[in-house]
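Dear colleague,

I am handing over the structure below, and my notes on it follow directly after. Please read them alongside the coordinates.

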Amino acid sequence: MMRLAYAMPAAVAPPALAIGIDVISACQLTSLMRIACMQEAEDILAEMQVEPRDLLWESAAFRKPD
């Protein structure tokens with residue numbers, strides 16, 4: 001779950017650029033996808049009655065799009 005949230009921005013930007021989305025919009029899209037994945041992971045953890053740890057979302061762990 002965490003790996004998906006961390007890898008999503010790097011997986012979204014190249015295809016977005018390949019289909020002609022401008023760089024600024026591609027960066028905004030990666031941010032939206034990261035937030036969506038993080039929220040989904042937190043929702044799943046809540047359903048499992050697991051409290052997310054503060055260290056779960058370390059911004060340094062996210063890969064930057066190339």
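**Notes on the model**

L17 is found in helix 1, which covers residues 2–18; please keep in mind throughout that this is a predicted model. With a relative accessible area of 37%, L17 is partly exposed, because that value lies between the 20% under which a residue counts as buried and the 50% over which it counts as exposed. Leaving aside residues up to four places away in sequence, L17 touches D22, V23 and A26. L17 and C27 are separated by 10 residues in sequence, and their C-alpha atoms lie 9.7 Å apart in space.

C27 brings me to the cysteines, and to the question of how many disulfides the structure holds. The count is 0. As for the accessibility of two cysteines, C27 has a relative accessible area of 43% and is therefore partly exposed, whereas C37, at 13% relative accessibility, counts as buried, since its value falls under the 20% cut-off.

The other point concerns the surface, where M1, I44, M48 and V50 make a nonpolar patch of about 350 Å². One of these residues, I44, lies in helix 2, which runs over residues 23–47. I44 has a relative accessible area of 31% and is partly exposed, and it can count towards the patch because patches are made of residues with over 30% relative accessible area.

With best regards

Conventions: Residues are numbered from 1 along each chain as its sequence is written. This is a predicted model: local features need pLDDT of at least 70, side-chain atom pairs count only at pLDDT 80 or more; totals for chains, interfaces and linings use all residues. Side-chain values use heavy atoms; hydrogens and water are left out. Patches are made of residues with over 30% relative accessible area and no salt bridge: like charges are joined within 9 Å, nonpolar side chains (Val, Leu, Ile, Met, Phe, Trp, Tyr) within 5 Å. Accessible areas come from the Shrake-Rupley method with a 1.4 Å probe; for residues, only the protein chains shown count as cover. A salt bridge is a side-chain nitrogen of Lys or Arg within 4 Å of a carboxyl oxygen of Asp or Glu. Helices (H or I, at least four residues) and strands (E, at least two) are DSSP runs, numbered from the N terminus. Buried means under 20% relative accessible area, exposed over 50%, partly exposed in between (1.4 Å probe, protein chains only). A disulfide is a pair of cysteine sulfur atoms within 2.5 Å. Contact means heavy atoms within 4.5 Å.
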